[in-house]
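Okay, thanks for making time, everyone. I'd like to walk you through one model this morning, so have a look at the screen.

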Amino acid sequence: MSVAVTVENIKKEFGQYPALRGASLKVHGGELMAILGPSGSGKTTLLRIVAGLEQPEGGRVMFDDLDAATLSLRERRIGFVFQHYALFRHMTVLDNVAFGLRAQPRHTRPDPVEIKRRSLELLELVQLGEFGNRYPAQLSGGQRQRVALARALAIKPRVLLLDEPFGALDAKVRKELRRWLREFHDQTGHTTLFVTHDQDEAFELADRVAVLNEGRVEQVGSPRVLTNNPASSFVAKFLEESDLAMAPRVLSAERYNRATKVRLRGVSGSA
Amino acid sequence: MSDAVMRPPIRQARVNDEMPLVRYALIGVAVLFLLLILFLPLVAVFAEAFRRGAGAYLNALTDPDTTAAIGLTLLVAFISVVFNIVVGVSAAWAIAKFHFRGKQFLITLINLPFSVSPVISGLVFVLLFGAGGLLGPWLQAHDIEIIFALPGIVLATIFVTFPFVTQQLVTLMQAQGTQEEECALSLGASGWRTFLFVTLPNIKWGLLYGVLLCNARAMGEFGAVAVVSGKIRGLTNTMPLQVEILYNEYNFVAAFAVASLLALLALVTLALKSFFEWRFADAIALGATR
């Protein structure tokens, strides 16, 4: 059931500004792939084009042998998880999950009992079985994320697309959810694409990582390949910088602590 | 560790540190002002209306010309509100959810009525549809009455009330963004279903608030309507116009009786408005800045 996604030479401009200048990519069926790149590199635009939320000006997207341009948004059946989840705030968690099923055309729509059963099942799957009657505002960030995931899965999507799935979460939850998502993917096996600017996240979670720069895919490969054989100076530099980006922060934090301690001692000494 | 010990006690500069005398003087001025400008006139309206007792009050309100004016006002307000809901929601939807050229210009146009004197708003329609106006001869030839008739009054009222609903919704919808709609569409919902089940529930309180303000203005509008109505008794007189006519005829009890209804409308609007602002503060605060 897992569908391969092929992105061929996609071009997209916003006004005069080219967001994508011929991006190409092949995602195997059942694969978990990260799109990694600095901000402004076109990651999210690429994801939205695969989802059908934006129209490309050139190139095409294929699901197996099917040209996505021939499919309406409804026919594409894409599970899209937005960065800030975009849960329907006035609906209960269960209604959120059921939305995609209820929105189906009458002849394919399951009956209400079946819709409820399936929605509950999906909530169980994301370990939120008891939260069906709550509203999104009553959930934590991590729980909302999982509701969004369950809602996206309800329409039996061809492909799962996640836009900065952990961007809005704090560091601890992020780590937990990362591990959880990886296990979840191994169980369910959807072809999954997610966007991130965080190298750690991409490397820990994904089978393969696509590095995007200025609207082009610079390299696609496993974390090991990217580190050992970067295809361009940009890839090498970007990965190196992401590594280094962590270091100064730790350093300065230590220095700060030391400085504060000294100051504290000085003040309390004089008091 | 002992954070509190180390920090020297900073004396916070407090805003309410004035002398008590100054404080009471300021409060006194404000209260006095409100009494003089708002409360007394309101009391005066009701006092004058009931000066000859409840019987005279009821008589004044059941006068055929007056009931006609009340009916016309309700009708005009109803049409304007419905029109403003339909057009306002569509315009706000277009502005908030799509990118297009001239969007800022459209927003300016929508807000234009706020900065145009109501009399001018009425006059524009007279110049356009009146007997000597641009389209006047053609309308006369086809026996279509706009000025000095219901269509003219409705047009003038819509012009004056147009920004209320639209402006409220544009700001609210822009703040809410398009993600929930995009999500609904990607889940396979039709545009109509997305509007009914996702957009509308999110804007309903803002919409209601806009309708409330729009309705109050529609019923109370004087200037614009005065120009286009022609003030034909029992036919094209709305309540505010009826008040003026009765007053000019020294029929004070009747004039103030009708005025008391308008004052009542204002009080009810105020109460509902306060209730909405208290109950749905978040939803409205987004839209209230115009």
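Let's start with how chain B is carved up: there's a domain 1 covering 17-49 and a domain 2 covering 53-284. Keep in mind that what you're looking at is a predicted model. The C-alpha centres of those two domains of chain B sit 31 Å apart. Where they meet, 5 residues of domain 1 of chain B are in contact with 8 residues of domain 2 of chain B. And what's on the domain 1 side of that meeting place? On the side of domain 1 of chain B that touches domain 2, you get 4 nonpolar residues, 1 charged and no polar ones.

Staying with chain B, the secondary structure is quick to describe: 14 helices and 0 strands. Read along the sequence, chain B is just α after α.

Now the overall shape. How does the radius of gyration of chain B stand against that of a compact globule of 290 residues? The globule would come out near 19 Å, and chain B has 25 Å. Along its principal axes, the C-alpha trace of chain B spans about 85 × 60 × 30 Å. As for burial, 34% of the 290 residues of chain B count as buried. Take the contacts in chain B between residues at least 6 apart in sequence, and 76% of them join residues at least 24 apart.

On to the cores. The largest nonpolar core has 79 residues, and the ones with the most contacts inside it are A:Val50, A:Leu161 and A:Leu193. Let's pick A:Leu161. Setting aside neighbours within four places in sequence, A:Leu161 is in contact with both of the others, A:Val50 and A:Leu193, and its list also includes A:Leu47, A:Ala51, A:Ile78, A:Gly79 and A:Phe80. There's also a second, separate core of 55 residues, with B:Ala156, B:Ala216, B:Ala226 and B:Val243 among them.

One last residue to zoom in on: A:Ala152, which is in helix 5 of chain A, residues 141-153. Is A:Ala152 buried or exposed? It counts as buried, because it has 24 C-beta neighbours inside 10 Å, and the cut-off for buried is 20 or more. Who's around it? Again leaving out neighbours within four places in sequence, A:Ala152 is in contact with A:Gly79, A:Phe80, A:Val81, A:Pro157 and A:Leu160. Look at A:Val81 in particular: A:Val81 and A:Ala152 are 71 residues apart along the chain, and their C-alpha atoms are separated by 6.7 Å.

Right, that's my tour. Over to you for comments.

Note on methods
Residues are numbered from 1 along each chain as its sequence is written. Chains are lettered from A and ligands numbered from 1 in the order in which they are written. This is a predicted model: local features need pLDDT of at least 70, side-chain atom pairs count only at pLDDT 80 or more; totals for chains, interfaces and linings use all residues. A nonpolar core is a set of buried Ala, Val, Leu, Ile, Met, Phe, Trp, Tyr and Cys residues joined through C-beta atoms within 7 Å. A residue is buried if 20 or more other C-beta atoms lie within 10 Å of its own, exposed if 12 or fewer, and partly exposed in between; C-beta atoms are placed from the backbone. Two residues are in contact if their C-beta atoms, placed from the backbone, lie within 7 Å. Domain bounds come from an automatic or database domain assignment. Ala, Val, Leu, Ile, Met, Phe, Trp, Tyr, Cys and Pro count as nonpolar, Asp, Glu, Lys and Arg as charged, and the others, Gly among them, as polar. Helices (H or I, at least four residues) and strands (E, at least two) are DSSP runs, numbered from the N terminus. The radius of gyration is taken over C-alpha atoms; the globule rule is 2.2 Å times the number of residues to the power 0.38.
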